[in-house]
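Grab your viewer and work through these exercises one at a time. Each comes with a solution you can follow step by step.

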Amino acid sequence: MAGLTSRESDWAGLRTVVTGLGVSGFAAADALLERGAHVIVVDAGNGSTDQAERARILEILDADVRLGPEHTQALPEYAEGPVDLVVTSPGWRPDQPVLAAAAGAGIPIWGEVELAWRMRPAAGGAPWLTVTGTNGKTTTVQMLASMLRAAGLRTIAAGNVGTPILEAIMDPEPYDVIAVELSSFQLHWSESISALASCVLNVAPDHLDWHGGPDAYAAAKAKIYEHTQVACVYNHDDKATEAMVEEADVIEGCRAIGFTLGTPGLSMLGLVEDVLADRAFVEERKSSAAELATLRDVPGGAEGAPPPHLVADALAAAALARAAGVPPAAVQAGLRDFVPDTHRITEIGEIDGVRFVNDSKATNPHAAAASLSAYEHIVWIAGGQLKGAEVDDLVAGAADRLRGAVLLGQDRAQIATALTRHAPQIPVVEVPTADTGDVTAVMDEAIEAALTLARPGDVVLLAPAAASLDMFAHYGARGDVFTEAVRRRAGGERS
């Protein structure tokens, strides 16, 4: 597979297997078929509406689509010969039978991001600016794309953020630069990506059930720095990310660029009073800094002090943008134009003097800690699937801010136990999941419980610290149900 390094390479006749018929799997199969490869697609699903439509399209293009769990228990075979390549969707674990069989047979396994990198044009392909981290990836990538657009560049936020990177790569109108969000799953299956600039925002335990432990999870994140060309951006306040840069095999001349919520040192971005300052991409950085923006330009800054994690995300995005040559004025304009994700620190409304905030995207303890640190008095709505993560440090760190806690979801008992240990004075209400699966009724009950605990001036914060799949299709659906419940209650209605 070493010779497959661009879309001009000879892909014709390659016998491939694509695992997963989600958005990224469909994009991978479509791209391979376009280049003349043979494609078998396997997925355990039995044909949802979306899957059926994707399968129909791929079959028209001459793919062999096999749906159902029986097709994911062994590596498919071609009559013409052995499989040459497996391209996997990011959620598939390495121990899944198809992938384990491929690995045992010495067949290369790529993620769709690795495939996208190898399908770039041999000349003139858009450079990538890549971002990973336990938390803040989507916000940072979207901030970065806004800065790039403000500089007049044709760009897109792609990868784990929504648009499959393969779709961006194969767009008939080339991009000038691509802001790429990468998950630990995607990085696990990548090996040859060479970003213009790359960044690890932070590292905290997450997805331990998938990776098998914190070291493997961190190692997957660290792969983003490999082969970086211009700048490895790290979090000066998270020493694990700095160590990753020190150990990375980068292109000669690549620089280490830090960002910090404190005063920036040489080759860093940080804060000088209320100014986001650059001491990395200026000629006289030993004695001066470039003003990029102010805290008022960061989301939430116009109403007061913006949440610290959003300031850190803004600094990381600015570092990547500056590595790509974006001028300071475009960094500021991009921040001003940026609109945060719907389910990330979103003010929903107020009931009886109590504010309601949706941070359903806080799907792990590290993200929830950042969210909890933004408010003084909180009634915390939490719970879901913890994915093997511990919550004791989270609860201990937030105990003095909590007015009360309302817990729901599969692993609520684990959070309740941590609250008993570290915040025994905090009243806790557990809302059991209804046998009927009526998540609307569960959320209505959670809102009522929160209002009994809250006082005027408090914030009721949905920051689950856990994944949503025990009760909801995804974190966005959880946030939507929360938002609708708050608005019904504000209007005096019940479901």
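**Exercise 1.** Work out whether Asp359 is buried or exposed, then place it and list what it touches.

Solution. Start with the accessibility: Asp359 comes out at 0% relative accessibility, so it counts as buried (buried is under 20% relative accessible area, exposed over 50%, partly exposed in between, with a 1.4 Å probe and protein chains only). Next, find its spot: Asp359 sits in the loop between strand E16 (354-358) and H13 (helices, H or I with at least four residues, and strands, E with at least two, are DSSP runs numbered from the N terminus). Finally, skip residues up to four places away in sequence, and Asp359 touches His343, Arg344, Ile345, Ser371, Leu461, Leu462, Ala463 and Pro464 (contact is heavy atoms within 4.5 Å).

A word on the ground rules: this is a predicted model, where local features need pLDDT of at least 70, side-chain atom pairs count only at pLDDT 80 or more, and totals for chains, interfaces and linings use all residues. Residues are numbered from 1 along each chain as its sequence is written, and side-chain values use heavy atoms, with hydrogens and water left out.

**Exercise 2.** Find which residues of helix H15 are buried, and explain why they line one face.

Solution. First, pick out the buried ones in H15 (residues 412-422): Arg412, Ile415, Ala416, Ala418 and Leu419. Now look down the axis of H15: its buried residues fall within an arc of 160 degrees, so they line one face of the helix (the arc is that of the directions from the helix axis to the C-beta atoms). Flip to the other side of H15, and Thr420 and Arg421 are exposed. Last step, the packing partners: the buried residues of H15 pack against strand E17 (378-382), H14, strand E18 (402-408) and strand E19 (428-431).

**Exercise 3.** Place Val481 and list its contacts beyond the neighbours within four places in sequence.

Solution. Val481 belongs to helix H17 (residues 475-490). At 12% relative accessibility, Val481 counts as buried. With neighbours within four places set aside, Val481 is in contact with Val439, Thr440, Met443 and Phe472. Check one pair: Val481 and Met443 are 38 residues apart along the chain, yet their C-alpha atoms are separated by 7.0 Å.
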